Amino acid sequence: MAYYFAFPLATDHQQQLDALIEAHSQGTYNTPEEISRLAIRGVDGVIQVLALDVIEILKNDKEGGSILEIVAKLVTGTMHVLLRQLLGKVSHTEQDKLSAYMLRRRVDAPVGRLFGFQMPDAAGQRLQAALRMAAEGAAPKGSRDELVQAMLLFIDLTTEYCYDEFVACLELGMIKRKLVDMSRSTIQKAGHSTVRKLFATLSDEQICAVSKHYDGMVLNF
């Protein structure tokens, strides 16, 4: 049994990714414009489930929603600009690596094909336990701190698998490498800060609702 973070992409997005991967397996390379478009949609999909859907859950909480809205705009803007610059030209070698990366982000779960990544067992167990305890509203004193620490670990894992692995597929010069490093630092710091601020301001009822949302994307099978 393994642990995954995974969620369904929009149907047409998943179909387009599958078509691109299949075409690549047959020796067909795509345009940088199409690769960039699909990569940007991937970023938007992650932001949707991690932030925008939670804003909807917290629609009556202006403070919590504002915290998430700020980080959503920051990460979206940073990644859109970065991807357009990185993917302006993509060699066949880079496309080979990107296709392999997209296959690693494909999770064929019992519920269907999802986008995500397999987590280390210890991290998956910790995150799932913290979320389920909070989602059930049966968390003992001090469990909010454990939930925060588990979510910080989750941010680091998401950065590793969805940012570092993606960037590792590309051949970067010195200037683009500096841009990549700066963007990574900005995104990770924003993610950590948001987790700490958000879970410090939410009520127990809100913690329960948000934890249920995230728990639905932590799978083990």
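Trainee: How much space lies in the second largest cavity?
Mentor: This is a predicted model, and its cavities are found by a probe. Rolling a probe the size of a water molecule over the atoms shows where empty space is left. For the second largest cavity, that space comes to about 40 Å³.

Trainee: Which residues line the second largest cavity?
Mentor: Helices α5 (121-135) and α6 each supply at least two residues of this lining. The full list for the second largest cavity is Phe5, Leu127, Leu131, Met151, Phe154, Tyr214, Met217 and Val218.

Trainee: How does the lining of the second largest cavity divide into nonpolar, polar and charged residues?
Mentor: Tyr counts as nonpolar here, as do Phe, Leu, Met and Val. The lining of the second largest cavity therefore divides into eight nonpolar, no polar and no charged residues.

Trainee: How many cavities of 30 Å³ or more are there, and how much space lies in the largest?
Mentor: The count comes to three cavities of 30 Å³ or more. In the largest cavity, the space is about 880 Å³.

Trainee: Which residues lie nearest the centre of the largest cavity?
Mentor: The lining of the largest cavity holds 45 residues. By class, 34 of them are nonpolar, eight are polar and three are charged. Nearest the centre lie Val43, Val46, Ile47, Thr158 and Cys162.

Trainee: Which element gives the largest share of the lining of the largest cavity?
Mentor: Several elements each supply at least two residues of this lining: α1 (11-25), α2 (32-57), α3 (62-86), α4 (92-104), β3 (112-119), α6 and α7 (174-201). The largest share, nine residues, comes from α2.

Trainee: Where is the kink in α2 centred?
Mentor: Helix α2 has 26 residues and reaches 36 Å from its first C-alpha to its last, close to the 38 Å expected at 1.5 Å a residue. The helix nevertheless has a kink of about 50°. That kink is centred on Gln48.

Trainee: At which residue does α6 bend?
Mentor: Helix α6 covers residues 143-167, which is 25 residues. From first C-alpha to last, α6 reaches 35 Å, close to the 36 Å expected at 1.5 Å a residue. The bend in α6 is about 30°, at Glu160.

Trainee: Is Asp156 buried, partly exposed or exposed?
Mentor: Asp156 lies in helix α6. In sequence, Asp156 and Lys189 are 33 residues apart, and their C-alpha atoms are 10.0 Å apart in space. The relative accessibility of Asp156 is 27%, and the partly exposed class runs between 20% and 50%, so Asp156 counts as partly exposed.

Trainee: Is Leu170 buried or exposed?
Mentor: Leu170 lies in the loop between α6 and α7. Leu170 and Leu87 are 83 residues apart in sequence and 8.6 Å apart in space, C-alpha to C-alpha. The relative accessibility of Leu170 is 8%, and the cut-off is under 20%, so Leu170 counts as buried.

Trainee: How far apart in space are Ile35 and Pro110?
Mentor: Ile35 lies in helix α2 and is buried, with a relative accessible area of 11%. In sequence, Ile35 and Pro110 are 75 residues apart. C-alpha to C-alpha, the distance in space is 28 Å.

Trainee: How many helices and strands does the chain have, and what is its radius of gyration?
Mentor: The chain has eight helices and four strands, which run β-α-α-α-α-β-β-α-α-α-α-β from the N terminus on. The globule rule gives 17 Å for 221 residues, and the value for the chain is close to that, so the chain is as compact as a globular protein of that length. The radius of gyration is 18 Å.

Trainee: What percentage of the chain is made up of buried residues?
Mentor: The C-alpha atoms of the chain fill a box of roughly 55 × 40 × 30 Å, taken along the principal axes. Of the 221 residues in the chain, the buried share is 48%.

How values were computed
Residues are numbered from 1 along each chain as its sequence is written. This is a predicted model: local features need pLDDT of at least 70, side-chain atom pairs count only at pLDDT 80 or more; totals for chains, interfaces and linings use all residues. Side-chain values use heavy atoms; hydrogens and water are left out. The expected span of a helix is 1.5 Å times one less than its number of residues. The bend at a residue is the angle between axes fitted to the seven residues ending there and the seven starting there. On a 1 Å grid over the protein atoms alone, a cavity is a set of points where a 1.4 Å probe fits but cannot get out, and a pocket is an open set with protein on both sides within 12 Å along at least five of seven lines; lining residues have an atom within 4 Å of a point. Grid points are joined across faces, edges and corners, and a volume is the space filled by probe spheres set on the points. The radius of gyration is taken over C-alpha atoms; the globule rule is 2.2 Å times the number of residues to the power 0.38. Buried means under 20% relative accessible area, exposed over 50%, partly exposed in between (1.4 Å probe, protein chains only).
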